[in-house]
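Please open the structure in the viewer and keep the sequence at hand. The tour proceeds by selections, each followed by a short account of what is found there.

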Amino acid sequence: MNIQQALEQARETLSKNGESADIDAQVLLSHVLQRNSAHLIAWPEKELDENQAASFLQLIEQRKQGLPVAHLTGQREFWSLDFSVNNSTLIPRPETETLVEFILQKFGDRKNLKLLDLGTGTGAIAIAIASEKPAWQIFASDISKQALALATKNNTQHKTNITFIHSDWFNNIKQHDFDIIVSNPPYIADNDPHLQSGDVRFEPQGALTAGKTGMDDIKHLCAQAKKHLQKNGWLIVEHGYNQAQLVADCFAENAYAQVEQREDLSGHTRMTAGKKV
Ligand SMILES: C[S@@+](CC[C@H](N)C(=O)[O-])C[C@H]1O[C@@H](n2cnc3c(N)ncnc32)[C@H](O)[C@@H]1O
């Protein structure tokens, strides 16, 4: 079996999975061959050896069963950096880059800044920011020890300098002088039907859901963050597009100022930021 034949066979097997059959096949074959997609295009007639063919067909079968591509390769790109991923936490999503962009645009000229990423998962937000702003003091926490182990591995791989804290939200956060508290917390409603399809079936509930309306964790963060922000410090959270009003109400009830909201390019998520005055 050569590269072209492998891709054609995989496309056919995965075509019932939806629109991503082509790209899934390419990513999985690139992973097996340890080559980029340009190699697949340049060398369609190159033969796979027996081990490569067997590994590829096994991955395609697993993908057919629904396993996320990121879990099969153990990798996902975020902010143009490769992150190790596993089933202990969320696979980083491109829409979360909106939070990173917002922070760099709004605070990018600050030489020193103290930031906390709550519910860091793979470390995506904290590591992306630390890679751009090595002089900032960056802390990141999670309730899941396995997620923290993964984030620590990613921090080492990217040579960023982050202090990790095992904590149930603010329970173990001793500092009260952060300039920024950022979070992509769980915000899906417990009974949301989307939980039954796609990659989320393989991600932990604890990284995804937050009560009946999905607002439980955001409400908690909104109320508690002020104790850990210094004056003029900012709370910045990601949430669903349909939670924009609920989150705005929450920021208003807790007297945050200069509240602003942004939509990501896909329109699926929003972020809300507000200042402690
Ligand atoms: C939606 S995921 C976001 C992960 C990562 N920040 C990202 O954007 O890819 C939410 C994360 O919050 C963590 N989490 C859930 N409940 C928590 C709690 N009570 N305290 C701290 N972290 C929590 C989960 O373990 C998970 O890693």
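Select the ligand together with Ser 167: a nitrogen atom of the ligand is 3.5 Å from a polar backbone atom of this residue. The model is a predicted one. Next, add Asp 168, where an N or O atom of the side chain is 2.8 Å from a nitrogen atom of the ligand. Then select Asn 184, whose side chain has an N or O atom 2.9 Å from an oxygen atom of the ligand. On its own the ligand has 590 Å² of accessible area, and the protein covers 95% of it.

Now display the surroundings of the ligand, which comprise 18 residues; among the closest are Thr 89, Gly 119 and Trp 169. By class, this shell has eight nonpolar, eight polar and two charged residues.

Proceed to Asp 24 and Arg 63, whose side chains meet in a salt bridge with an N to O distance of 2.9 Å. Asp 24 belongs to helix α2 and Arg 63 to helix α4, so the pair ties together parts that are 39 residues apart in sequence. Asp 24 is buried, at 8% relative accessible area, and Arg 63 is buried as well, at 11%.

Keep Arg 63 selected and add Asp 199: their side chains form a salt bridge at 4.0 Å, N to O. Asp 199 lies in the loop between β6 and α9, 136 residues from Arg 63. Asp 199 is partly exposed, at 25% relative accessibility. Asp 24, Arg 63 and Asp 199 are thus displayed as a network of salt bridges.

Finally, select Glu 260 and Lys 106, a salt bridge of 3.1 Å, N to O, between strand β8 and helix α6.

Conventions. Residues numbered from 1 in each chain as written. Predicted model: local features only at pLDDT ≥ 70, side-chain atom pairs only at ≥ 80, totals over all residues. Heavy atoms only, no water. Near = heavy atom within 4 Å. Polar contact = N/O pair within 3.5 Å; in protein donor to acceptor, adjacent residues only side chain to side chain. Areas by Shrake-Rupley, 256 points an atom, 1.4 Å probe, with all protein chains shown as cover. Nonpolar A, V, L, I, M, F, W, Y, C, P; charged D, E, K, R; others polar. Helix = DSSP H or I, 4+ residues; strand = E, 2+ residues; numbered from the N terminus. Buried < 20%, exposed > 50% of the residue type's maximum accessible area, 1.4 Å probe, protein only.
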